[in-house]
Structure formats: structure tokens, C-alpha cells
Amino acid sequence: MTISHADRPAADPDFMFDRETETMSRGALADLQKERLQWSLARAYDNVGHYRRSFDAAGVKPGDLNSLADLRKFPFSVKTDLRDNYPFDIFATPVHQLARIHASSGTTGKPTVVGYTQGDLDRWADLMARSMAGAGARPGDVLHNAYGYGLFTGGLGAHAGAQRLGCAVVPVSGGGTERQVNLIKDLGPSVLCATPSYALNIAEVAEKMGIDIAALPVRRGLFGAEPWSNEMRTELDRRLGLKSVDVYGLSEIMGPGVACECDVARDGLHGWEDHFLFEVIDPETLEPLPMGESGELVITTLTKEAMPMIRYRTRDITRLTDEPCACGRTHVRIMRVTGRDDDMMIIRGVNVYPSQVESVLVGLEGLSPHYQIKLFKDGPLDAMAVDVEILPDTPAGEDDRAAKAHEVRHHIKSIIGVTCKVIAKLPGEVPRSEGKAVRVVDQRKG
Ligand code: DLL
């Protein structure tokens, strides 16, 4: 059977899920933020022992907030606050009033547990629908959701948003990639949701199966949950024949849909300021940085009932811009998250993020976009080795690969300024991702 979308009404290119809020004046947004911030601070202080103690220790009370700038008087919160209050003590709602609980996988130590009231879930679905519409999804679209379902917020978060927008969701989750490709061929989704690394895996498996996804109806990719570069975007757009859009979020704050690019500009992710307040701080001095300067993103929730987060340090490195956007949305843009400050490697005195290495590798002639970084000790110093992979139809002899490795090493040195080891592997030898890619393997211990 061939897929026909001919009976579908033409989609409105200017559609917004919530135009009134998305284009609200900056003044009206600030008024709304102040009112909601006062509510959120009071909710946290009155219901969560952790906030009561930390506000008291800092000598501040919710009533001290007279302007948005007064938020600076309030203490930060960090991930260990969730672990220290495991599992439910950071909640402002009794457990029997919760509607959902998610958790991080917790490979090290205790998982981080996050909770939602029904109202929180409704607002999350609205914000994800808003994000998806901004990215170019429309009511009536078939949406293939390859974010993992389960404790990870990606699958269920995207699912609820797509349903709220009026899409038909294919809840496929991650893995079983050949089956995913067949479903994409047979069901003809117009939107694909996945991590960028899994989207790349889908593209590769489809090519091996002789299926040209670029020739199918899929026209938008909503990719996020991990750092990715503009070079990777170009690669995914080309191989999947779609326009890929960056979506950001974190479980502690909500899940996916905290911010999303619009498909008009694809230049920074609109952070939904009616529900979150964004700051960027210097991670060393903890001082707020002026608009436009790069630092650590700090987020305060304005409407979360179950788990208000006050000045939460995300560890994500980015910058904000309030320059007007071509799409007409007024909400501040969070520029592409280059990485987390705990992902930053210091190699012979040079600070390097995995996504910088990705920018250099993706698109180099004869190389596939798959890579993995290994950190090891070279005497007392940290050193970096990069596994890259040659394309199937390139010369694969030992000398050929050594020459390729040498060339890549030279590019990394001249662009990032760091000396590293490069190993050119055979096609398929670098591990493929089914969710968040493992970009760095730390071999420094043992
Ligand atoms: O990854 C939520 C999500 C699901 C976002 C699906 C987008 C799409 P966590 O598992 O709690 O939640 O991981 C959050 O992932 O602090 C960032 O370090 C990273 N991250 C998320 N989105 C992006 C992105 C989900 N677009 C952590 N670019 C965050 C770069 C991202 N990093």
C-alpha cells in the first residue's frame, strides 16, 4: 500500500499552539513571572523542609521578593539536594496526591526521583505540544516517538505532548531499529522524535536495509536529550530528508519541552518563561552573568506543584539571548547547550567538550559520524583518544587507516588546539546508540 496524505488539510505554517502566551510582551511576561515566582517560593518554603532550612540559613523569606532581581538573594539548589532528600522529601505535595513518578537510571549512587501532580502533567503536555508545534509538528501528523518509554522522561513526555497537539503517536520507544525503519516506511510518520544519536542509528540501519527515509513523508525531527552539533544537524537533515529541531529539558525541572527551537529560525531554543525563570551564572563565582554571556544555566520553576525547584543549577553550559526571533515568539532563547560542565575534559591545559570534537569529525571525508572519546592517564596528565570510523567504501588497509587517523588528529589539533590520539576503526566498530549516546569512556581509573 502506498501512503497518501492527500486527504489531509493543508497545515498552517504560522500555527502556534498558544499564540497569546508565546507572543506575550516582555513586560507582561515579567509581571506574570513575578506573581508566579512569589507563589512558587512560598510553596517551596511552606511545604519542603529542605527549602525552609536553606532559605532560613540564607536569611531570606518568600515575602522578601519584591522584584524579579530579588531572586538573587535566594540560595541555589543542586542535584545532591534531590539525593539527600531521597525519595520524596523534596516534594511539596503528599505522595498520595501525585499522579506520576519518574527517576534517573542512577548508575552511580541513588537515582534522582521526580514527581508530578495531575496539574503538573497537564502543564507539561501543554508545553511539549507548544514545543512540537514550534518545531513544525501539526495536528493530524503521525508522530514516531523513539524516545525511551519508562522512567526516562523522554518517551512519556513527548507522547503526552503529541497527543495534546492532536497527533497520532506511534509509541515505539528506543531499540529494535530494523522494526522502527519498517514502521517508518509503512506508517509514513511526518515527525520523528529521538535522541540525535539514535536518529543517526535509524538513518544508518535504513540505508543498510535499502530504504530511503529521505524519500518518505517524514519532514521534521525533534531531537534532544543530549548535546549535538550543527554539523550533526546537517548530517541528519540530509540523510533523513527532514528539518531537525533541537529540544531541551531535564527531569528535575519537568522533562522534555522546557525549551525548543522554532523551525523558522532554528537559532536558539525558546525557553518557556511563563513557567520557568532562566538565569546564567558563572559556575566558579556563582554570580549571575549579563544576557548573552556563556555560563551555567540555572532554572527556577514558576508553576510546579509537586516539586518546585528554586534556582536549580543544571550544570548545562549555554548562553541566553533576548534578541527578537523571526518566528515572532517573545520568549528568551537558550542557545545550543554545548555540554555539561561535568563533561568538560581538561587535556594538557585545554578545555574540551565532546560536542567540539563532534563538530570537527562530522562531515570529514571518508569518515562516518560515529565516534567515541576515551580518557586515560598519560603519566600524571589526562589524555584523550578518539575512536573514529571509516565509511564502508573507503580503503581500509592498516596504512590507509593510519593516514586517516593522522589527518583527523591534525584537524582536532588545529581546530580545538588539543593533541590527542586517534584510532580509525572499521565500519560498525564504534558502538551505536539507542538512547543517549555514551560519548566519553573514562579509563583513568584502573
Ligand atoms: O534528557 C529530557 C529530554 C528528553 C530532553 C527528550 C529532550 C528530549 P534527563 O534525562 O534528566 O532529561 O537529562 C537532562 O540532558 O541537563 C542536559 O545535560 C542534557 N540535555 C537534554 N536536552 C539537551 C539538548 C532529558 N537539547 C540532561 N542539548 C540535561 C544538549 C541536552 N543537552
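Which residue's side chain meets that of E204 in a salt bridge? The partner is R432, at 2.7 Å from N to O. The close-ups below come from a predicted model.

**Figure 1. Two domains share one chain.** Domain 1 is made of residues 5–24 and 117–342. Domain 2 covers residues 344–442. Over C-alpha atoms, the centres of domain 1 and domain 2 are 27 Å apart. At the boundary, 26 residues of domain 1 contact 15 residues of domain 2. Between them, the domains bury about 1600 Å². Carbon and sulfur atoms account for 50% of that area. Three residues stand out on the domain 1 side: E204, E231 and M232. They supply 23% of the area that domain 1 buries against domain 2, more than any other three residues.

**Figure 2. A salt bridge joins the domains.** The count between domain 1 and domain 2 is one salt bridge. The side chains of E204 and R432 meet in a salt bridge of 2.7 Å, N to O. Polar contacts also span the boundary: 13 residue pairs, both members at pLDDT 80 or more. Three elements each give two or more residues to the side of domain 1 that touches domain 2. They are α8 (196–208), α9 (230–240) and β15 (339–340). Helix α8 gives the most, with five residues. By class, this side of domain 1 has eight nonpolar, 10 polar and eight charged residues.

**Figure 3. E261 is a buried residue with polar partners.** E261 sits in strand β8, residues 255–261. Is E261 buried or exposed? Its relative accessible area is 3%, so E261 counts as buried. The side chain of E261 makes a polar contact of 2.9 Å with the side chain of R233. A polar atom of the E261 side chain also lies 2.8 Å from the backbone nitrogen of D246. Look beyond the neighbours within four places in sequence, and E261 has further contacts. Among them are G134, A135, S244, V245 and H270.

**Figure 4. Salt bridges link residues of helix α9 into a network.** E235 and R238 both lie in helix α9. They are three residues apart, about one turn of the helix. Their salt bridge has its closest N and O atoms 3.5 Å apart. What is the relative accessibility of E235? It is 11%, so E235 counts as buried. R238 is exposed, with a relative accessible area of 57%. The network of salt bridges takes in E207, E235, R238 and R239. The structure holds 37 salt bridges.

**Figure 5. R315 pairs with D341.** The side chains of R315 and D341 meet in a salt bridge of 2.7 Å, N to O. D341 lies in the loop between β15 and β16, and R315 in strand β12, so the pair ties together parts that are 26 residues apart in sequence. Strand β12 covers residues 312–318. R315 is partly exposed, at 32% relative accessibility. Now check the backbone of R315. Its phi is near 75°, a positive value in a residue other than glycine.

**Figure 6. R348 also has a positive phi.** R348 is found in the loop between β16 (345–347) and β17 (350–352). Its phi is near 45°, and R348 is not a glycine. At 44% relative accessibility, R348 counts as partly exposed.

**Figure 7. A cis peptide bond leads into P87.** The bond runs from Y86 to P87. Its omega is near -10°. P87 belongs to the loop between α4 (79–84) and β1 (100–103).

**Figure 8. D46 and R52 form a salt bridge.** The closest N and O atoms of the pair are 4.0 Å apart. D46 is exposed, with a relative accessible area of 52%. R52 is partly exposed, at 36%.

**Figure 9. D186 lies in helix α7.** Helix α7 covers residues 177–187. D186 is partly exposed, with a relative accessible area of 44%. D186 and L216 are 30 residues apart along the chain. Their C-alpha atoms are separated by 9.5 Å.

Methods
Residues are numbered from 1 along each chain as its sequence is written. This is a predicted model: local features need pLDDT of at least 70, side-chain atom pairs count only at pLDDT 80 or more; totals for chains, interfaces and linings use all residues. Side-chain values use heavy atoms; hydrogens and water are left out. Domain bounds come from an automatic or database domain assignment. Contact means heavy atoms within 4.5 Å. Buried area is the accessible area (1.4 Å probe) that two parts lose on being put together, summed over both. A polar contact is a pair of N or O atoms within 3.5 Å; within protein, one must be able to donate a hydrogen and the other to accept it, and residues adjacent in sequence count only if both atoms are side-chain atoms. Helices (H or I, at least four residues) and strands (E, at least two) are DSSP runs, numbered from the N terminus. Ala, Val, Leu, Ile, Met, Phe, Trp, Tyr, Cys and Pro count as nonpolar, Asp, Glu, Lys and Arg as charged, and the others, Gly among them, as polar. Buried means under 20% relative accessible area, exposed over 50%, partly exposed in between (1.4 Å probe, protein chains only).
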